Structures are given as C-alpha cells and as structure tokens.
Amino acid sequence: MSLDDLIAQVKQHPRYPEVGMILCHNGVVRATSRDGQPVTELTVKADRRRLAEIVTAIKNRPGIVETLAVVREGTLRVGDDVMYVVVAGDIRENVFPALQDAVNTIKRDVTKKTER
C-alpha cells in the first residue's frame, strides 16, 4: 500500500466531486529519537480496533469526505515508511485540522513503538 494507492482509492469515492483538497501524511523512521539518541530500527505495534475508531470519527467531521490510514507493524529500518494518513474534504479549514488530529490521535492511541 502506498500514498498513491490511497489517493486513487479516495478518487473512487462516490462523494469525490465534493472534494476540494486531499492532504497526506507519510511518517518515516528517523535516524534519531526526539531526545537526539541514534536509532537504527523501530519496532511498531498497532491497535487496529482503535485505528478504525479514529478513522471513523475523522470521517464524520463536517466537510470530510474520506479518511484512510495505514500503520505498518513489525521491525522497520531508518527511512522506512511507518504510517500513511489521507484526509479528503471540502475546504482547508476543515481538512487541515482533521489531518492533524488524525495523526496526533493515531500516534498517541494506536501505535506502540520501541526504538533501538
């Protein structure tokens, strides 16, 4: 699954004519932790049920047509993609906050990460 695949899926949505913008987030494994320590790999686990709840909540916001999210699990190396989030909606005042809230909530509630 890639961002291109997710965008193509959004474009097939029956309400796609209502879309004025599609925003995407592509989270990748950094070579350093937030506190500056070196990282060579990241092990990720995801709560799939909670992910589905968050996606549904974002989809139900005013002006949002579609929300898709993918979290890769397992051991990932520096530079690997960890998470994709795509939010499509009518105007930026609705879509930008929806994407930010989706990413922040997924990172907080869905993913458990161990850096090495």
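How many nonpolar, polar and charged residues are in the lining of the largest pocket? By class, that lining has seven nonpolar, four polar and five charged residues. Good morning, colleagues. Before I go further, please note that the structure above is a predicted model.

Let me stay with the pocket. Its volume is about 350 Å³. Of the 16 residues that line the pocket, those closest to its centre are Val28, Arg30, Leu42, Lys107 and Lys113. Four elements give two or more residues to this lining: strand S1, residues 21-28; strand S5, residues 81-89; helix H3, residues 92-109; and strand S6, residues 111-115. As general background, rolling a probe the size of a water molecule over the atoms shows where empty space is left.

One of the residues just named leads to the next element. Leu42 is found in strand S2, which comprises residues 41-46 and is mostly covered, five of its six residues being buried. Is Leu42 itself buried or exposed? Leu42 has a relative accessible area of 7%, and because the cut-off for buried is under 20%, Leu42 counts as buried. Setting aside neighbours within four places in sequence, Leu42 is in contact with Val29, Gly74, Thr75, Leu76, Val82, Lys113, Thr114 and Glu115. By contrast, consider Asp109: Leu42 and Asp109 are 67 residues apart in sequence, and their C-alpha atoms are 17 Å apart in space.

Strand S2 has pairing partners. Four bridges join S2 to strand S4, residues 74-77, and the two run antiparallel. Within this pairing, Thr43 stands opposite Thr75 of S4. Five bridges join S2 to S6, again in an antiparallel arrangement, and here Val44 stands opposite Lys113 of S6. Lys113 therefore appears in several places in this account: among the residues closest to the centre of the pocket, opposite Val44 because DSSP bridges join the two strands, and in contact with Leu42.

Let me turn to the S4 side of that pairing. Thr75 is found in strand S4. How exposed is Thr75? Thr75 is partly exposed, with a relative accessible area of 47%; partly exposed is the class between under 20% and over 50%, so the value of 47% falls within it. Leaving aside neighbours within four places in sequence, Thr75 is in contact with Glu41, Leu42 and Thr43. The C-alpha atoms of Thr75 and Val39, which are 36 residues apart along the chain, are separated by 12 Å.

I now come to the interior. In soluble globular proteins, nonpolar side chains tend to be buried together. In this model, the largest nonpolar core has 26 residues, of which Leu51, Val71, Val82, Met83, Val85, Val87 and Ile106 touch the most other members. At least two residues of this core come from each of S1, S2, helix H2 (48-59), strand S3 (64-71), S5 and H3. Which element supplies the largest share? That is H3, with six residues. Apart from this core lies another, of nine residues, among them Leu3, Val10, Val65 and Leu68.

Met83 serves as an example from the largest core. Neighbours within four places in sequence aside, Met83 is in contact with His25, Asn26, Gly27, Val70, Val71, Val103, Ile106 and Lys107.

From the other core, I take Val10. Val10 is found in helix H1, residues 3-11, and is buried, with a relative accessible area of 0%. Not counting residues up to four places away in sequence, Val10 touches Tyr16, Ile22, Glu66, Leu68, Val86 and Ala88. The C-alpha atoms of Val10 and Arg61, 51 residues apart along the chain, are separated by 16 Å.

Finally, I wish to consider strand S3. Why is S3 described as largely enclosed by the rest of the structure? Seven of its eight residues are buried, and therefore the description applies. Seven bridges join S3 to S5, and these strands run antiparallel. Thr67, whose place is in strand S3, stands opposite Val87 in S5. Thr67 is buried, with a relative accessible area of 2%. Beyond residues up to four places away in sequence, Thr67 touches Val55, Ile58, Lys59, Val86 and Val87. Val87 is thus not merely opposite Thr67, because the two residues also have heavy atoms within 4.5 Å.

Thank you for your attention.

Key:
Residues are numbered from 1 along each chain as its sequence is written. This is a predicted model: local features need pLDDT of at least 70, side-chain atom pairs count only at pLDDT 80 or more; totals for chains, interfaces and linings use all residues. Side-chain values use heavy atoms; hydrogens and water are left out. On a 1 Å grid over the protein atoms alone, a cavity is a set of points where a 1.4 Å probe fits but cannot get out, and a pocket is an open set with protein on both sides within 12 Å along at least five of seven lines; lining residues have an atom within 4 Å of a point. Grid points are joined across faces, edges and corners, and a volume is the space filled by probe spheres set on the points. Ala, Val, Leu, Ile, Met, Phe, Trp, Tyr, Cys and Pro count as nonpolar, Asp, Glu, Lys and Arg as charged, and the others, Gly among them, as polar. Buried means under 20% relative accessible area, exposed over 50%, partly exposed in between (1.4 Å probe, protein chains only). A nonpolar core is a set of buried Ala, Val, Leu, Ile, Met, Phe, Trp, Tyr and Cys residues joined through side-chain atoms within 4.5 Å.
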